[in-house]
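Colleague: Could you take me through one part of this model in some detail? I would like a close look at a single helix and what lies around it.

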Amino acid sequence: MISINANIGLLNPVDLSALPDEKTALAIRHLNLFYGNTQALFDINMRIPKGKVTAFIGPSGCGKSTLLRCINRMNDLVDGCRVEGEISLHGTNVYDEAVDVPALRRSVGMVFQRPNPFPKSIYENVIYGLRLQGVKNVRTWMMQ
Ligand SMILES: Nc1ncnc2c1ncn2[C@@H]1O[C@H](COP(=O)(O)OP(=O)(O)OP(=O)(O)O)[C@@H](O)[C@H]1O
Ligand SMILES: [Mg+2]
């Protein structure tokens with residue numbers, strides 16, 4: 001990914017790098033990402049506003065999904081992937097060692113381009129999120 005042009009609306013383009021903190025949901029600072037020795041993201045600096053719909057548009061392979069996966073640390077699961085820089089979500093760096101990653105992923109979800117079920121039953125796939133939260137008996141949990 002070489003550059004990002006970020007505008008809010010077609011009629012009122014806004015320089016998102018100048019968005020004030022109180023209107024910022026996500027602030028991405030000097031983000032570089034490497035798959036092994038290959039760099040896929042180059043010094044990304046951008047802000048994503050609160051309460052707006054933001055879209056990433058770019059050619060296939062430019063790094064849109066890679067950048068999205070950084071926001072909930074899904075790239076942690078990719079062997080050989082290394083991230084530098086900072087992503088501040090409501091003021092907290094998601095790459096801080098103290099961050100509870102499953103809790104982060106509860107607030108930053110992702111819908112995939114292709115269905116990506118785990119090699120389990122359909123039922124276990126559907127309730128996977130509850131299992132991750134420690135729910136053992138789903139029926140009892142649903143009755144609460
Ligand atoms: N797990 C991975 N290991 C190594 N390289 C990867 C991996 N995932 C993506 N890449 C590479 O990183 C670059 C960015 O890929 P990415 O999937 O983020 O692009 P994209 O903009 O989402 O593309 P598309 O529009 O096709 O979804 C590409 O060169 C891709 O080959
Ligand atoms: Mg993609």
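Modeller: Happy to; what follows starts at the ligand, moves to the helix beside it and ends with the domains. Please keep in mind that this is a predicted model.

Let me begin with the ligand. The residues surrounding ligand 1 are Tyr35, Ala40, Gly58, Ser60, Gly61, Cys62, Gly63, Lys64, Ser65, Thr66 and Val78. By type, this shell holds 6 polar residues, 4 nonpolar ones and 1 charged one. The element that gives the most to the shell is helix H1, residues 64-71, with 3 residues. That makes H1 a good part to look at closely.

Which residues of H1 are buried? They are Thr66, Leu67 and Cys70. Because these residues cover an arc of only 95° around the axis, they sit on the same side of H1. Thr66 is thus a residue with two roles in this account: it is buried in H1, and it is also among the residues around ligand 1. As for packing partners, the buried residues of H1 pack against three strands: S1 (24-35), S2 (38-49) and S3 (81-89). Just after the helix comes Arg73, which has a positive phi, near 60°.

Two of those buried helix residues, Leu67 and Cys70, also belong to the largest nonpolar core. This core has 9 residues in all, and its other members are Ala27, Ile28, Leu31, Leu33, Leu41, Ile44 and Ile87. S1, S2 and H1 are the elements that give two or more residues to it, and S1 gives the most, with 4 residues. As background, nonpolar side chains tend to be buried together in soluble globular proteins.

Ile87 is a handy member of the core to click on. Setting aside neighbours within four places in sequence, Ile87 is in contact with Leu26, Ile28, Leu31, Cys70, Ile71, Asn93, Val94 and Tyr95. Cys70 in that list takes you straight back to the buried residues of H1.

Finally, let us step back from the helix. The domain assignment gives domain 1 as 1-109 and domain 2 as 114-144, and their C-alpha centres lie 28 Å apart. For a contrast with the core, try Tyr128, which is found in helix H4, residues 128-132. Tyr128 is partly exposed, because 13 other C-beta atoms lie within 10 Å, and a residue needs 20 or more to be buried. From Tyr128 to the core residue Ala27, the C-alpha to C-alpha distance is 30 Å, with their positions 101 residues apart in sequence.

Note on methods
Residues are numbered from 1 along each chain as its sequence is written. Chains are lettered from A and ligands numbered from 1 in the order in which they are written. This is a predicted model: local features need pLDDT of at least 70, side-chain atom pairs count only at pLDDT 80 or more; totals for chains, interfaces and linings use all residues. A residue is near a molecule or strand if its C-beta atom, placed from the backbone, lies within 6 Å of it. Ala, Val, Leu, Ile, Met, Phe, Trp, Tyr, Cys and Pro count as nonpolar, Asp, Glu, Lys and Arg as charged, and the others, Gly among them, as polar. A residue is buried if 20 or more other C-beta atoms lie within 10 Å of its own, exposed if 12 or fewer, and partly exposed in between; C-beta atoms are placed from the backbone. The arc is that of the directions from the helix axis to the C-beta atoms. Two residues are in contact if their C-beta atoms, placed from the backbone, lie within 7 Å. Domain bounds come from an automatic or database domain assignment. A nonpolar core is a set of buried Ala, Val, Leu, Ile, Met, Phe, Trp, Tyr and Cys residues joined through C-beta atoms within 7 Å.
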